[in-house]
Amino acid sequence: MRALTWQGLQQVEVKEVPDPLIEKPTDAVVRVTSTAICGSDLHLYNVLAAYLTPGDILGHEFMGIVEQVGSAVENLQVGDRVVVPFNISCGRCWMCDRGLFAQCETTQNVDQGKGASLFGYTSLYGSVPGGQAELVRVPHADFGPVKVDAGLSDERVLYLSDILPTAWQALEYADVPEGGTLAVLGLGPVGQLAVRSARHRGIRVIGVDRVPERNALAGRFGAEVVDLSSVEDVGDELREMTDGRGPDSVIDAVGMEAHGSPVLGAAVAAATRLPKPIARKAMETAGVDRLAALHTAIDAVRRGGTISISGVYGGMADPMPMMQLFDKGVQVRMGQCHVKRWTEELYELVSGAEDVLDLENLATHRVPLEQAPEMYRTFNDKEDGCVKVVLTP
């Protein structure tokens, strides 16, 4: 089959690779009909080279048609149309029983000190071949895949694999009080869906980004927009918009992609070029994240407010303004999305007659899988108005 493979720093290629096989009774093989490039895929493209091997198949947002099922898979049949959550969970362990599917104890990567395995996401998370491919082996298919109605377009349900539940969880974790204000830092795909989800609930939203197309898109869905490139201090601007206090809740939908920290940005670039064992040590103990967005969230949120972090951070020893956090009495919630925790209510929301979150129009670029390398560059460089890329194998 054809699959998008990692080959080196900012180098991905579509290659011929062996077809996946049923390896365990709980496996299925899915023929992919749509797959997407996620903002967190750019961490693999730019930062996490130390945990990748040339030939690794990328991608964790995908859906398709079931082609084969293992002998223990009773919930799926060949021909079923499914969306596959990006985290791989068993549905039966202590963590899964508590809805903490991203911490599944059956697929947890104990040797790496990490949570549940993820599709297409490095040796830290199980080195499971990803979904930017024609076919995917889906472990724990007796629990994970979500059957979807044949009458819905792919793009109405594709984002149930990751970015929609990630945005929804970020909003839940933000704990916006009745009549309160939410600021969303970063208006990429997750930020856009956080804006739409919040506005769907009637919450006042202020969106913050530097990319004109992203600001304009959030504005069309009812967000008040702060252009990062036109204000001196985002915290001051947000306080001015909220009676001098700051927003009640802030979502950091940026993570380690943040601009504004040139020294740490240089450290990231340097770490990715070190020999892998040294680079891993640097990533895990030296603290190489760019924290501009998180520091902005800490500064901007009102006293007693809540910060919800959906953007991915990778460093272990990042400098944090702990005095400010403590003094302000800020709650902080974060973590990998527990996708299936939100599946039922989100499927009900998106599967109605009306596309209430305008999911079918989120993608700005729809191209064949063969054009994935070009689209990684475009998405990474924020060119051509690129907000979301959907690939067709």
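This is a short tour of helices and one loop residue in a predicted model.

**Stop 1: helix α5**

Select residues 189–200. This is α5, a helix of twelve residues. From its first C-alpha to its last it reaches 16 Å, close to the 16 Å expected at 1.5 Å a residue. Ten of the twelve residues are buried, so α5 is largely enclosed by the rest of the structure. Colour the buried ones: Pro-189, Val-190, Gly-191, Gln-192, Leu-193, Ala-194, Val-195, Arg-196, Ser-197 and Ala-198.

What covers them? Show α4 (163–174), α6 (212–220) and α13 (372–380), which are among the covering elements. Then add the strands β8 (181–185), β9 (204–209) and β11 (249–252), also included in that cover. Before leaving, click on Gly-202, which follows α5 and has a positive phi, near 85°.

**Stop 2: α5 against α6**

Keep α5 on screen and bring up α6. Two packed helices are described by the angle between their axes and the distance between the axes. Here the axes come within 9 Å and cross at roughly 15°. That makes α5 roughly parallel to α6. The crossing is right-handed.

Which residues make the contact? On α5, show Gln-192, Val-195 and Arg-196. On α6, show Arg-214, Leu-217 and Ala-218. By type, the contact residues divide into three nonpolar, one polar and two charged.

**Stop 3: α4 against α12**

Go back to α4, one of the elements covering α5. Now add helix α12, residues 339–350. The axes of α4 and α12 come within 10 Å and cross at roughly 105°. That makes α4 roughly perpendicular to α12.

Show side chains on both helices. From α4 come Leu-164, Pro-165, Trp-168, Gln-169, Glu-172 and Tyr-173. They meet Val-339, Arg-341, Trp-342, Glu-345, Leu-346, Leu-349 and Val-350 of α12. The contact residues divide into nine nonpolar, one polar and three charged.

**Stop 4: helix α10**

Select residues 292–300, helix α10. Its buried residues include Ala-293, Leu-294, Ala-297, Ile-298 and Ala-300. What do the buried residues of α10 pack against? Two helices, α7 (234–240) and α11 (322–328), are among the partners. The strands β8, β11 and β12 (306–309) are also on that list. You have met β8 and β11 already, in the cover over α5.

**Stop 5: Ser-89**

Finish in a loop. Ser-89 lies between β5 (81–84) and α2 (94–97). Is Ser-89 buried or exposed? Ser-89 is buried, because its relative accessible area is 4%, and buried means under 20%. Now show what Ser-89 touches, leaving aside residues up to four places away in sequence: Cys-96, Phe-101, Cys-104, Thr-107, His-140 and Phe-143.

Technical notes: Residues are numbered from 1 along each chain as its sequence is written. This is a predicted model: local features need pLDDT of at least 70, side-chain atom pairs count only at pLDDT 80 or more; totals for chains, interfaces and linings use all residues. Side-chain values use heavy atoms; hydrogens and water are left out. Helices (H or I, at least four residues) and strands (E, at least two) are DSSP runs, numbered from the N terminus. The expected span of a helix is 1.5 Å times one less than its number of residues. Buried means under 20% relative accessible area, exposed over 50%, partly exposed in between (1.4 Å probe, protein chains only). Contact means heavy atoms within 4.5 Å. Axes are lines fitted to C-alpha atoms, for helices over the stretch in contact, and angles run from 0 to 180 degrees between N-to-C directions. Angles under 35 degrees count as roughly parallel, over 145 as roughly antiparallel, 65 to 115 as roughly perpendicular and the rest as oblique. A crossing is left-handed if the near helix is turned anticlockwise from the far one by less than a right angle, and right-handed if clockwise. Ala, Val, Leu, Ile, Met, Phe, Trp, Tyr, Cys and Pro count as nonpolar, Asp, Glu, Lys and Arg as charged, and the others, Gly among them, as polar.
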